[in-house]
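The following paragraphs lead the reader through a structural model, from the arrangement of its chains to individual residues. Please keep the sequence and the coordinates in view while reading.

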Protein chains: 2
Amino acid sequence: MLPQRLAIVGLGLLGGSLALALRRVRPSLRIEGIDIDPRTLEQALKAGAIDAGHSIEAAPLDGCDVVVLAQPAGALLDSVLPVAAGMRHGAVLSDVCGAKEAVCARGAQQDRVIFVGAHPMAGTEFRGFTAASASLFDGCTVALCPPPGAGQDQELAVRQVRDLWLAAGAAGVIDVAPSEHDRAVTFASHLPYLAAAMVVASLEDASDAAPLARDLAAGGFRDTTRLAGDGTVGGAAALNRHVPSAAKELAEKLRQLADRLSKDPEKALDQLGKLAESRRGMKLPPRK
Amino acid sequence: MLPQRLAIVGLGLLGGSLALALRRVRPSLRIEGIDIDPRTLEQALKAGAIDAGHSIEAAPLDGCDVVVLAQPAGALLDSVLPVAAGMRHGAVLSDVCGAKEAVCARGAQQDRVIFVGAHPMAGTEFRGFTAASASLFDGCTVALCPPPGAGQDQELAVRQVRDLWLAAGAAGVIDVAPSEHDRAVTFASHLPYLAAAMVVASLEDASDAAPLARDLAAGGFRDTTRLAGDGTVGGAAALNRHVPSAAKELAEKLRQLADRLSKDPEKALDQLGKLAESRRGMKLPPRK
């Protein structure tokens, strides 16, 4: 069940890809595109991703069945209440943010529309509508946070958001509570991101070694740090209350490993060997 | 200038790939394959990578112009002196180890053969001869540590090892002192590896969140932790004296970032944004 008229706020990588993906399977769906950058609206119109482009102030939100917020995390959070206030009673508001507790709590502060949080587990290190692709969500998993309160309206809203993502190419949708989501994503996404960023920072700060290190950097460095180039994960990580303590624990693990490498390398190598085996045994989505 | 007769000790990913790559460009080169595993020797013979397979005890080392050590780091280090002792005077001994100070120092403990340390900056997370490929080194950089003492024999030895890697597909060879190499590789390879491994450990240890985190793990987790599955980097990292202190500094960076994320998220996001930009600006080898 897809809506008749959908608005997407923020036509970057995720919002732009959602528009392109839905257009592919349902050409007749009316998609209102909203972005702060007029050039982005132009690009999206030219690509046929949206039917019309608007600033948020001038957007026909009250005529839409579903609105999806797809801005960077901070702006997304700030827009939940103003956007909800501009929609018609009983419509569905959703989002794509990688942190769900803060966003879903904000959505629950109003009862004009039904807020259903969503988080598609897909992305690349490239940004903006120019990086958007109709196939970005193909085969991905979408985490979905049903709203509190069990009624027919809530169920219908959840079904609409689920169908939207399945139509956009997702292989599956997992219903999950916001706090459970944020804790899991801490390990699946936010810690990997922070570790990648700090590995880049280490290279930058080692000014004596950096030029040669760059020359010698190969596929291992490239892949480990790819996520550090993603400008969008940080915003979600900053909204995730589980991140600071988990990052401190990761730092402590690393410190202990460093200690072990100098004092008991056999034991360190034993630990690393076991982790290598367990990493090789993990089922992870293939490269596209 | 390639040797007439080459021996490769250890026919795993790197040694096996070197044999296959050289075979491709110089079918007439005689390659003696040496491995502790008879099945590996069989596979390498069957693939035409080597002309004959031997145990190290029975290998005709004294008939070879060049011998390349390609075992796991610890075994490689232990074999430098015994292998050198079995070679003929003035021949060339080289290796592929990712830590060069310890290995080159071991090589300099004898003067029977000329030891030229080398480190091809290539690899995958897969292991063994079955993962070897004639194209593994295509386009890669090889770090090369010329032996101490400047004479004609040393120069000739360096040229032989350089030509070997260029013939195997390397795009370039960088001459570098062992300690300079190890310090640069600390940031280019060993820290990325240790960070990746600890991100895997964090996921494993978060037993409450791990099942859902695995379901939600996407490309970011996959790429950040790929290197953790590489069973060979750890051995080199454990031989690298620069690693423990650098890993402690990385841990401290991560701890400070965690602190900033809870106390001053704006500042944390500012730092992460700058790192994202600098990561996107890095020239790194493309995926194959």
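By what turn and what shift along the axis can chain A be laid on chain B? A turn of 180 degrees and a shift of 0.0 Å along the axis lay chain A on chain B with an RMSD of 0.1 Å, the superposition being made by least squares on the C-alpha atoms of residues with pLDDT of at least 70 in both copies. That is the relation of a two-fold axis. This is a predicted model, in which local features need pLDDT of at least 70 and side-chain atom pairs count only at pLDDT 80 or more, while totals for chains, interfaces and linings use all residues. Residues are numbered from 1 along each chain as its sequence is written, chains are lettered from A and ligands numbered from 1 in the order in which they are written, and side-chain values use heavy atoms, with hydrogens and water left out.

The interface follows from this arrangement of chains. Of the interface residues of chain A, 100% are also interface residues in chain B, so the copies meet through the same surface. Contact here means heavy atoms within 4.5 Å.

One part of the meeting between chains involves a pair of helices (DSSP runs of H or I, at least four residues, numbered from the N terminus). Helix H8 (residues 219-226) of chain A packs against helix H8 (residues 219-226) of chain B at an angle of about 145 degrees, and their axes are 6 Å apart. These axes are lines fitted to C-alpha atoms over the stretch in contact, and the angles run from 0 to 180 degrees between N-to-C directions. In this pair, A:Gly219, A:Gly220, A:Asp223, A:Thr224 and A:Arg226 meet B:Gly219, B:Gly220, B:Asp223, B:Thr224 and B:Arg226. By class, the contact of H8(A) with H8(B) has no nonpolar, six polar and four charged residues; Asp, Glu, Lys and Arg count as charged, Ala, Val, Leu, Ile, Met, Phe, Trp, Tyr, Cys and Pro as nonpolar, and the others, Gly among them, as polar.

A:Leu216 belongs to helix H7 (residues 210-216) of chain A. A:Leu216 is buried, with a relative accessible area of 0%; buried means under 20%, exposed over 50%, and partly exposed in between (1.4 Å probe, protein chains only). Beyond its neighbours within four places in sequence, A:Leu216 contacts residues of chain B, including B:Met121, B:Ile174, B:His181 and B:Ala188.

The largest nonpolar core, a set of buried Ala, Val, Leu, Ile, Met, Phe, Trp, Tyr and Cys residues joined through side-chain atoms within 4.5 Å, has 216 residues. Those with the most contacts inside this core are A:Val67, A:Leu93, A:Trp165, B:Val67, B:Leu93 and B:Trp165. Not counting residues up to four places away in sequence, B:Leu93 touches B:Val67, and also, among others, B:Leu69, B:Val80, B:Met87 and B:Phe115.

Is A:His190 buried or exposed? At 1% relative accessibility, A:His190 counts as buried. A:His190 lies in helix H6 (residues 178-205) of chain A, and its contacts outside four places in sequence include A:Gly98, A:Val233, A:Ala237 and A:Asn240.

Two residues of chain B offer a contrast in exposure. B:Thr40, in helix H2 (residues 38-46), counts as buried at 12% relative accessibility, and touches B:Leu11, B:Asp35 and B:Phe129, residues up to four places away in sequence not being counted. B:Gly86, in helix H3 (residues 73-86), is partly exposed, with a relative accessible area of 32%.

Note on methods:
Helices (H or I, at least four residues) and strands (E, at least two) are DSSP runs, numbered from the N terminus.
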